[in-house]
Amino acid sequence: MALMKNVQVYWASLSEPNRTWEPHTYQITAIVDKKTAAEFEGRGHKLKEIDEQPGVFFKQYDKRPDGSSNPPIRVVDANKNPFIDSDGSPMAVGNTSVCNIQYEERTFENKFGTFHWNLLKAVQVLKHVPYASSSADEFDVEGDADDIEF
């Protein structure tokens, strides 16, 4: 297994899979320097771009080929303790947190070509930035109209 150390991360879905697209995945994206990005590209990986910086994407499908569920990604703090709040619930990792990422590079070949991806195994949170969800109603009342609730 490989370890990417001290990377700033974005779009972490670790205790619950991201259900935006099929197939659903546990995932995280790490910002990397240009040298690391070139190394991953050289091995066939596609990169993401976040704020004009290269990002490496890691994922684990929430379902196995037989339909059974994969467990959530193991997430620990800097002391290797489970990354949970005082109630014992998993804490969400917010954008710009700094983490170590344990992964395996995988290659898959079929009639459509050769595909390279990074199998997410575990995350160690070194500097936590709390996840901040966006409000459903970000608009302010503009003008003379009363605030209308829907």
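Student: How many helices and how many strands are there in the protein chain?

Tutor: The model is a predicted one. From the N terminus on, its elements run β-β-α-β-β-β-β-β. That order holds one helix and seven strands.

Student: Which strand does β6 join through 13 bridges?

Tutor: β6 covers residues 97-110 and pairs with β1, residues 2-18, in the antiparallel sense, but over six bridges. The partner with 13 bridges also runs antiparallel to β6 and spans residues 113-127. Two residues lie between it and β6, and the two strands form a hairpin. The strand is β7.

Student: Which residue in β7 is the bridge partner of T107?

Tutor: β6 has bridges to β1 and to β7. On the β1 side, Q8 stands opposite V98 of β6. On the β7 side, the bridge partner of T107 is H116.

Student: Which element gives the most residues to the largest nonpolar core?

Tutor: This core has 22 residues, and those with the most contacts inside it include M4, L14, I28 and F58. The elements that give two or more residues to the core are β1, β2 (25-31), α1 (34-42), β4 (53-61), β6 and β7. With four residues, the element that gives the most is β1.

Student: Which residues of the 118 to 120 stretch does F58 contact?

Tutor: F58 is among the residues with the most contacts inside the core. Leaving aside neighbours within four places in sequence, its contacts include M4, Y26, I28, I101 and Y103. From the stretch asked about, the contacts are N118 and L120.

Student: Is D62 buried or exposed?

Tutor: D62 has its place in the loop between β4 and β5 (74-76). Not counting residues up to four places away in sequence, D62 touches P17, R19, H24, T25, Y26, S68, S69 and N70. Its relative accessible area is 8%, and the cut-off for burial is under 20%, so D62 is buried.

Student: What share of the 150 residues in the protein chain is buried?

Tutor: The protein chain exposes about 10400 Å², of which carbon and sulfur atoms supply 48%. That describes the accessible surface, whereas the share asked for counts residues under the 20% cut-off. Buried residues make up 33%.

Student: What percentage of the contacts with a separation of 6 or more is between residues 24 or more positions apart?

Tutor: F58 and L120 are one such pair in contact. For the protein chain, contacts with a separation of 6 or more are the base of the percentage. Residues 24 or more positions apart account for 63%.

Note on methods:
Residues are numbered from 1 along each chain as its sequence is written. This is a predicted model: local features need pLDDT of at least 70, side-chain atom pairs count only at pLDDT 80 or more; totals for chains, interfaces and linings use all residues. Side-chain values use heavy atoms; hydrogens and water are left out. Two strands pair if DSSP finds at least two bridges between them. A nonpolar core is a set of buried Ala, Val, Leu, Ile, Met, Phe, Trp, Tyr and Cys residues joined through side-chain atoms within 4.5 Å. Buried means under 20% relative accessible area, exposed over 50%, partly exposed in between (1.4 Å probe, protein chains only). Contact means heavy atoms within 4.5 Å. Accessible areas come from the Shrake-Rupley method with a 1.4 Å probe; for residues, only the protein chains shown count as cover.
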